[in-house]
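Let's take a walk through this one, from its sheet to its charged pairs. Have the model open as you read.

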Amino acid sequence: MQPSMFNVRVPLENAGLRDDVFLMNTFTDAQLIVSRDVAALLDRIGTAEPGALSASERDALSTLSDQGFIVDDRESERVHIEQWFRDLRESEDQLRVTVLTTLQCNFACDYCFQGDHGDYNKTAAKMTLETAERVAVWTEERLDTLKPESFVLTLFGGEPLLNLPVAYYLSERLWKASQARGVRMLVNVITNGLLLTPTVVDRLAPYGLNAVKVTLDGDHDTHNRMRPLRGGQGTFDKIIQNVRAVAGKCRISIGGNFDEDSVDSYPALLDFLKEQEFADKLARVAFKPIIREPKPQLPKGFIPLTVVGAGNKPLNGTCMTSAGGGTSICDNCNFLDEKMSFLRDETKKRGFPTVDGVHMGPCEIHRRHAHTIGPDGALYACPGFTGDATESTGHIDGRREDRREQAASRFDQLAAWKDCDDCAFIPVCAGGCSVAAHTELGDMNRPNCHKGSFEAGVRSLARDAAVAAVATIN
Ligand code: SF4
Ligand code: SF4
């Protein structure tokens, strides 16, 4: 018997519980507040003589064992986690399909290589209704083969609402297909919010509209500087007006992309949101770092997360500022780790639901039955790789091409966490974002590590647990 490698602990003396410790197991998700004595007992596992333990110590060990804090040995725990990742990869419970309805975008954000810059929108791909029909046929075949319990369709881009005919067609047809097969269907939309209207929401609502994620990049002035229209006009007021008009009709989640210049404006954004009549209708508020193309001399504090593909060229497809649907760990540096926890705490202080910084993955790249489909019908393992044709894993028309089969095989074997030794965060991190690893390290199969971010998340969970415990005592 020995302590699980997935145990983490936080002493609670700064949270009003001087003699207690917060224990968490990231594999079983068990979370306990125990006395320092019990935590110390955990350290003595394997060395203490069973006969030397008191009845209460044996009880404590039995509870810790039931909750996964104690395991037989390291080898069996490793076997267990490997099997868990295999099961996760092969799980047929849910089919997830993210469709890039278009790569065009009506914003001209300076940090994004997509968008309304130069001639970009004239040449950026847009899915035709004919391709959408083939996407529907392909998805129906997947539904028939997998027979999943649920199906999640995510409409993404570029700006997905620039191609409403395809968004409506896919939602309606796949809703009918899901209904006919007894499968629960959910539709998510990730949008910049400019074209989000009650008409759009009312049109999608009957087909399982679950959530709309809208991006705000800081307070009014900062957002307008970061996310203008081509002519420089601000977009903040229009987006807020649109959110106000649809709040209550569907779940709205607010995301945002920050860098060192803009991060300090986020508390003002949170204060502004808190004052709005739709504040209690926001399902989640969570912010992420900006991803930029590399520049020769990065200013201090700049987040060097760059989306690139083959030949060191930037990936040219998906707007990575919202890739991963907001729960992913597309992040990259100490600046980010610190600022992420700062913004998370500020968000929590104002009572908005947000991510906890620990339950961040594994992201969808680790699931065989999560697909991203580009406007031309090419398949990808996740939205972050859509700009690089060499990373396409297949095509909805079933064509067999060596390069796609080789890419599919690369993603099949993806297991960066195997290089993470006995890191306690493997079950919730899986080695980090593969796109970031591909970009920064030139190898998607190497860990892209932000352990500090997970540690900050655990400290925050511990604080919340202590506050709840103190409130119960009083
Ligand atoms: S690999 Fe990175 S970009 Fe892709 S889904 Fe995972 S966290 Fe997001
Ligand atoms: S990338 Fe870092 S935090 Fe993630 S599992 Fe590996 S060592 Fe742990």
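## Charged pairs, sheet and a long helix

Arg 74 comes out as partly exposed, at a relative accessible area of 24%. Keep in mind that this is a predicted model. Arg 74 has a salt-bridge partner in Glu 77, with the closest N and O atoms 3.0 Å apart. Glu 77 is buried, at just 5% relative accessible area. Both sit in helix α3 (residues 74–90), three residues apart, or about one turn of the helix. In general, an α-helix has 3.6 residues a turn, so residues three or four places apart point the same way.

Two other pairs reach further along the chain. Arg 173 and Glu 140 join side chains in a salt bridge, 2.9 Å from N to O. That one links distant parts of the chain, helix α6 (residues 164–181) for Arg 173 and helix α5 for Glu 140, 33 residues apart. Then there's Glu 391 with Arg 410, a salt bridge at 3.2 Å, N to O. Glu 391 is in the loop between β13 and β14 while Arg 410 is in helix α12 (residues 402–412), so this pair ties together parts 19 residues apart in sequence.

Here's how accessible the residues of those two pairs are:

| Residue | Relative accessibility | Class |
|---|---|---|
| Arg 173 | 23% | partly exposed |
| Glu 140 | 14% | buried |
| Glu 391 | 5% | buried |
| Arg 410 | 36% | partly exposed |

The model has 23 salt bridges in total. Some form a network, with Arg 89, Glu 90, Arg 368 and Asp 412 linked up.

Now for the sheet. It's open, has nine strands with mixed pairing, and runs β11-β10-β9-β8-β7-β6-β12-β13-β14. Which strands stand at the edges? They're β11 (282–289) and β14 (394–395), and each has a single partner strand, so one side of each is left without a neighbour in the sheet. Elsewhere in the sheet, β6 (residues 94–100) runs parallel to β12 (residues 370–373), with four bridges joining them. Val 99 stands opposite Ile 373 of β12.

Helix α5 (residues 129–146), home of Glu 140, lies across β6, β7 (150–156), β12, β13 (378–380) and β14, at about 170 degrees to β6.

Last stop is helix α15 (residues 451–473). Its 23 residues should span 33 Å at 1.5 Å a residue, and the end C-alpha atoms are indeed 33 Å apart. Several α15 residues are buried, among them Phe 454, Val 458, Leu 461 and Ala 466.

Conventions:
Residues numbered from 1 in each chain as written. Chains lettered and ligands numbered in written order. Predicted model: local features only at pLDDT ≥ 70, side-chain atom pairs only at ≥ 80, totals over all residues. Heavy atoms only, no water. Helix = DSSP H or I, 4+ residues; strand = E, 2+ residues; numbered from the N terminus. Expected span 1.5 Å × (residues − 1). Buried < 20%, exposed > 50% of the residue type's maximum accessible area, 1.4 Å probe, protein only. Pairing = 2+ DSSP bridges. Contact = heavy atoms within 4.5 Å. Axes fitted to C-alpha atoms, helices over the stretch in contact; angles between N-to-C directions. Salt bridge = Lys/Arg side-chain N within 4 Å of Asp/Glu carboxyl O.
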